[in-house]
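The following exercises concern a predicted model. Each task is followed by a solution in steps.

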Amino acid sequence: MASNLRCRNDARRIRVGRVVLNALANDHRMKVQAPFGFVTGCHAGDKFMVQATLASIKHFCPEIPICLVVDGSFDVSDLEGEYGLLVLRVSQLPSNKMRKLMSGNARAKHAAMWEGPFEFYVWLDSDAIVWGDFTPQVRTDIDFQVFWSDIDIPADAIEIPPWLPHFQFDPQKLRKFDPKFDWRGHPYFSAGVFACKRDVIPFEKWLEAELWGMEAPGLFGDFSDQPLLNYFVHSMTQRGEIKSTMSDLQQIWAHHGKEELMKDCSGGGWHFPKEIRRPRVAHFCGRKPFLFYRDTYSRPFTIARLEHHRCAHNELGAWLAVLNEERQVLAGKLRRRFKTWLENGLDRKTRSPLAP
């Protein structure tokens, strides 16, 4: 009851600003609206996940504005109304080059870098949630903040580790385009969580590096925007063009372990903890935080999903909504597997010399 009342009160406050938001929606070039904010994004298939991201932001950082980058033409008016979002659609970006580069892939997130509403922002993928208010630790006095605390390759390394060309870039091929760049001594980070200034990487520079990748296949790893983002942050920092820093503000349970998150959740049932010992971002990259994956620790993310649905449902209704989302995801996976099996079977039959 209290949760529903709070949601209704939040909705009434949100309506006050709707006139401004509607005006922004009609202006394809979004203007800077605030010095600091959160940005997240989704396509149609992960809209149900970004609901958890949004719920976590509003719970722990209720006064901070949020921008939602939308890749596709699907409706997000429900989220816009519930969370008071500034919506930035990739299809409405003023530059045709930007629209082509970002549509249908993870580069869509960088619409906030070049056309977003905040001077400085924290980006969260839709599989990440705010876990306590960590904003006092965000460094708006620098240009880029890496949410990672490990130097992955020693500064005196001699051999290139095999994971670097796979996940990031091939330093040997990169020498042709940037011979002075030193690939050692950096924190190589996931592109799913970071903080940066608007326009920290000029769009034309990004496009130029995309062309490098076309000219030299295998230069950048097959992880969409992540290799280029890492290259730019570290190379521009080396040249003194930007100032960057690294911070221990991201927890990936598969890497760091789940014990700390489990302690936070202890005693709170299926609600956000009243106290977070170490505020940070909980990032569930890799195997997604679905209940039907028994080998995945998904409780914090599930708590955020329930928090979203409690605004419209009672406790049972919230659980039913989450389980229905799981059912749809699982059904989609089964359909794709069956389609692949069927296509492979037909292909083998066509290639068989005994086929009629």
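**Exercise 1. Determine how the residues lining the largest pocket divide into nonpolar, polar and charged.**

Solution. The classification of the lining gives 18 nonpolar, 15 polar and ten charged residues. The pocket that these residues surround holds about 1,200 Å³ of space. Its lining comprises 43 residues, of which Asp-125, Asp-127, Cys-285, Gly-286 and Lys-288 are the closest to the pocket centre.

**Exercise 2. Identify which helices and strands each supply at least two residues of that lining, and which element gives the largest share.**

Solution. Step one is to list the strands that meet the criterion: β1 (34–43) and β2 (66–71). Step two adds the helices, namely α3 (47–60), α7 (163–167) and α14 (315–351). Step three ranks the contributions: α14 provides the largest share, with five residues.

**Exercise 3. Establish the strand order of the seven-stranded sheet and explain why β3 and β8 each have one side without a neighbour in the sheet.**

Solution. Reading across the open sheet, the order is β3-β2-β1-β4-β7-β6-β8, and the pairing is mixed. The strands at the edges are β3 (86–89) and β8 (244–246); each has a single partner strand, so one side of each remains without a neighbour in the sheet. From one strand to the next, the twist averages 25°.

Within this order, β4 (residues 118–124) and β7 (residues 193–197) run antiparallel and are joined by five bridges. In this pair of strands, Leu-124 is placed opposite Val-193 of β7.

**Exercise 4. State which strands are touched by helix α10, and which strands α3 lies across.**

Solution. Consider α3 to begin with: this helix lies across β1, β2 and β4, and runs at about 155° to β1. Helix α10 (residues 226–238) also packs on the sheet, where it touches β6 (144–146), β7 and β8. The direction of α10 makes about 120° with that of β6.

**Exercise 5. Describe the sheet of three strands: what is its order, and which strands form its edges?**

Solution. The strands of this open sheet follow the order β5-β10-β9, with mixed pairing. The edges are formed by β5 (128–131) and β9 (250–251), each of which pairs on one side only. To complete the description, examine the pairing of β9 with β10 (residues 280–283): the two strands run parallel and are joined by two bridges. Gln-250 has Val-281 in β10 as its bridge partner.

Definitions and conventions
Residues are numbered from 1 along each chain as its sequence is written. This is a predicted model: local features need pLDDT of at least 70, side-chain atom pairs count only at pLDDT 80 or more; totals for chains, interfaces and linings use all residues. Side-chain values use heavy atoms; hydrogens and water are left out. On a 1 Å grid over the protein atoms alone, a cavity is a set of points where a 1.4 Å probe fits but cannot get out, and a pocket is an open set with protein on both sides within 12 Å along at least five of seven lines; lining residues have an atom within 4 Å of a point. Grid points are joined across faces, edges and corners, and a volume is the space filled by probe spheres set on the points. Helices (H or I, at least four residues) and strands (E, at least two) are DSSP runs, numbered from the N terminus. Ala, Val, Leu, Ile, Met, Phe, Trp, Tyr, Cys and Pro count as nonpolar, Asp, Glu, Lys and Arg as charged, and the others, Gly among them, as polar. Two strands pair if DSSP finds at least two bridges between them. Axes are lines fitted to C-alpha atoms, for helices over the stretch in contact, and angles run from 0 to 180 degrees between N-to-C directions. Contact means heavy atoms within 4.5 Å.
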